[in-house]
Amino acid sequence: MAGGAAGGVAATGDPHLQNVHGERFDLMKPGKHVLINIPRGVSADDALLRVQADARRSGGSCSDMYFKELNITGSWAEAKQVGGYHYSVRQNAVTIPQWVVVGPVELKVVHGRTESGNWYLNVHVKHLGRSGFPVGGLLGEDDHKEVMTPPASCTKRTSLLKVVTSGQAPSSESPLAIATFA
């Protein structure tokens, strides 16, 4: 999808996100995350549009993570449908996903399923630049560094020492490379 405030943003897969600046990152922390908050920085009660997703792991404690529920609230969503919109992997996805117009913004939620049978939700958003307000949330301009860092329990560290081929033991000055695997 195109980057920039006028372009589209997306949260797809396990979950791969792209914000309004075109920055791509993976969500590595489970829990409820605000994807969009218009205007940026306002409370949920005062939002014109708020999109919140519940990301959960499917399997073990460090397995792939997916959006399982999505709530679209705020006064723009309320104007279209009382209570806003709620999507869940438990809902039957027999209809073809359609774009929903909420204020000047368009959203589409698509049900997906992995080869192993895990159901998840993808969300696509466009026209955020038409809102006339700063856009907050992970797909907006809020900081995403914390949520893209895997929990310490899911991080493994490996060190690789350069071995000198002449049979000498590596000294403390030998090059050291550390790689982190999520």
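In this predicted model, Leu107 of strand S9 stands opposite Val125 in strand S10. This pairing is one part of an antiparallel arrangement in which eight bridges join S9 to S10 (residues 119-126). The hairpin formed by these two strands has five residues between them, and Gly117 takes a positive phi near 95 degrees.

On its other pairing considered here, S9 (residues 105-113) meets strand S8 (residues 100-102), again in the antiparallel sense, over three bridges. Val102 faces Val105 of S9 across this pair. S8 and S9 also make a hairpin, with two residues between the strands, and the turn includes Gly103, whose phi is positive at about 65 degrees.

S8, S9 and S10 each give two or more residues to the largest nonpolar core, which has 35 residues in total. Leu35, Ile36, Ile38, Leu49, Leu70, Ile72 and Leu128 have the most contacts inside this core. Other elements giving two or more residues include strand S4 (31-38), strand S5 (49-57), strand S6 (65-73) and helix H1 (75-80). Leu70 helps to picture how the core is put together: beyond four places in sequence, Leu70 touches residues including Leu35, Val51, Ala53, Tyr87, Val109, Leu121 and Val123.

Attention now turns to a loop residue. Met148 lies in the loop between S10 and strand S11 (156-161). Met148 has a relative accessible area of 36%, which falls between the 20% and 50% cut-offs and is therefore partly exposed. Outside its neighbours within four places in sequence, Met148 contacts Phe25, Asp26 and Met28. Met148 and Leu17 are 131 residues apart in sequence, and their C-alpha atoms are 9.9 Å apart in space.

Methods
Residues numbered from 1 in each chain as written. Predicted model: local features only at pLDDT ≥ 70, side-chain atom pairs only at ≥ 80, totals over all residues. Heavy atoms only, no water. Pairing = 2+ DSSP bridges. Helix = DSSP H or I, 4+ residues; strand = E, 2+ residues; numbered from the N terminus. Core = buried A, V, L, I, M, F, W, Y, C linked by side-chain atoms within 4.5 Å. Buried < 20%, exposed > 50% of the residue type's maximum accessible area, 1.4 Å probe, protein only. Contact = heavy atoms within 4.5 Å.
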